[in-house]
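Biologist: Could you take me through one part of this model up close? I'd like to hear how the helix packing works around a single helix, and then how that sits in the rest of the chain.

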Amino acid sequence: MSTPFPAASAAAPAERSTPARAPAKPAAARMPLMAQPRVQRVVYPVLVGLVLIALWQGLVTAMELPPYLVPSPLLMLKTLLTDWAALGGSLWVTVKITVLAFAVATVAGVLISFLFVQSKRIETALFPYAVLLQVTPIVAVAPLIIIWVKDPTASMVICAALVALFPIISNTTLGLRSVEPDLQSYFKLNRATRMQTLLRLRIPSALPYFFGGLRISSGLALIGAVVAEFVAGTGGQGAGLAYQILQAGFQLNIPRMFAALLLISLTGVALFALMAWGTRLALGSWHASENSHD
């Protein structure tokens with residue numbers, strides 16, 4: 001007489017051979033919008049700016065300050081719209097000088113850094129003159145450059161480029177020197193040429209320092225352009241925002257002066273944001289400074 005136990009025992013392995021399906025895990029909760037770092041980088045400064053503008057408007061209204069002392073933000077924006085024909089053209093002139101000076105400073109600074117890194121003796125002999133160029137007030141040098149260079153635009157570009165040059169030289173040279181000794185020994189072991197070491201080791205190591213110098217230099221180029229326009233004092237169609245500030249000061253048109261200052265500030269913020277975007281684009285996939293979310 002057969003018993004059911006063998007059948008049961010034969011079926012048991014079959015049942016054990018099919019593992020139980022694990023319960024589905026709940027979908028990961030999405031990070032809230034305000035907790036995202038990209039949103040915070042935009043929202044937080046905007047909120048602080050709105051609070052400051054509201055305080056400014058409230059103080060001017062409560063204290064009944066006249067426009068020739070401190071104009072309100074609403075009056076400044078109204079002046080910006082009504083005088084945009086003149087201010088917009090001047091903004092273009094200032095931006096053009098700034099961009100040209102920034103490009104000249106970037107190319108010259110990188111080439112000088114490449115020269116410095118080729119020999120420690122060359123860097124020791126020439127770097128103090130770069131420091132001397134940085135500490136010399138551009139206000140004292142600009143009149144001479146404007147006299148020597150006949151073209152007003154070229155002279156202002158040179159003045160602004162001199163202001164923006166040193167951060168690129170300093171940061172790029174530091175980056176080209178900041179190479180890990182193990183990697184440098186590895187390149188020497190494989191008998192890499194000086195050009196191969198520069199292109200494949202020093203330049204990638206210097207990129208974070210280089211972009212840091214660009215962010216500083218972009219703002220200095222704008223400052224140098226405005227200072228050069230103050231010294232040159234050019235008017236007419238080639239007038240920049242500095243000339244509009246001078247003219248508004250002579251006419252006691254303080255709202256227009258504040259509107260020109262606002263355009264200069266917004267231009268500086270836009271340049272810094274552009275350099276920060278370029279830094280993330282170049283370094284975001286591999287460098288720790290752009291991958292950290294703290």
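Modeller: Sure, here's a walk along helix α9 and its neighbours, with a look at the whole chain and one residue elsewhere. Keep in mind that this is a predicted model.

Let's set the scene. The protein has 12 helices and zero strands, so reading from the N terminus you just get α-α-α-α-α-α-α-α-α-α-α-α, helices being DSSP runs of H or I with at least four residues. Of its 294 residues, 32% count as buried. The exposed surface comes to about 18600 Å², with carbon and sulfur atoms supplying 70% of it. If you take contacts between residues at least 6 apart in sequence, 72% of them join residues at least 24 apart.

Now to α9, which spans residues 194-232. One of its partners is α8, residues 181-189. The two pack at an angle of about 155°, and their axes are 11 Å apart. That angle makes α8 roughly antiparallel to α9, because anything over 145 degrees falls in that class. The crossing of α8 and α9 is right-handed. On the α8 side, the contact uses Leu183, Gln184 and Phe187, while α9 brings Gln196, Thr197, Arg200, Leu201 and Arg202. Sorted by class, the residues of this α8-α9 contact are three nonpolar, three polar and two charged.

Arg200 deserves a pause here. Arginine 200 lies in helix α9 and is one of the residues that α9 puts into the contact with α8. Is arginine 200 buried or exposed? Arginine 200 is exposed: its relative accessible area is 62%, and the exposed class starts over 50%. Phe187 sits on the α8 side of that contact. The C-alpha atoms of arginine 200 and phenylalanine 187 are separated by 9.5 Å, with their positions 13 residues apart along the chain.

Next, swap α8 for α7, residues 152-177. α7 and α9 pack at an angle of about 160°, with axes 6 Å apart. They are therefore roughly antiparallel to each other, and α7 passes α9 in a right-handed crossing. The contact of α7 with α9 divides into 21 nonpolar, eight polar and three charged residues.

From α7 you can step on to α5, residues 120-135. α5 and α7 pack at an angle of about 150°, their axes 9 Å apart. This pair is roughly antiparallel too, and α5 passes α7 in a left-handed crossing. From α5 come Lys120, Glu123, Phe127, Ala130, Val131, Leu133 and Gln134. They meet Leu162, Val163, Leu165, Phe166, Pro167, Ile169, Thr173 and Arg177 in α7. By class, the α5-α7 contact has 10 nonpolar, two polar and three charged residues.

One last stop, away from those helices. Threonine 79 is found in helix α3, residues 73-82. Threonine 79 is buried, because its relative accessible area of 8% is under the 20% limit. Leaving aside residues up to four places away in sequence, threonine 79 touches Pro255 and Arg256.

Methods. Residues are numbered from 1 along each chain as its sequence is written. This is a predicted model: local features need pLDDT of at least 70, side-chain atom pairs count only at pLDDT 80 or more; totals for chains, interfaces and linings use all residues. Side-chain values use heavy atoms; hydrogens and water are left out. Axes are lines fitted to C-alpha atoms, for helices over the stretch in contact, and angles run from 0 to 180 degrees between N-to-C directions. Angles under 35 degrees count as roughly parallel, over 145 as roughly antiparallel, 65 to 115 as roughly perpendicular and the rest as oblique. A crossing is left-handed if the near helix is turned anticlockwise from the far one by less than a right angle, and right-handed if clockwise. Contact means heavy atoms within 4.5 Å. Ala, Val, Leu, Ile, Met, Phe, Trp, Tyr, Cys and Pro count as nonpolar, Asp, Glu, Lys and Arg as charged, and the others, Gly among them, as polar. Buried means under 20% relative accessible area, exposed over 50%, partly exposed in between (1.4 Å probe, protein chains only). Accessible areas come from the Shrake-Rupley method with a 1.4 Å probe; for residues, only the protein chains shown count as cover.
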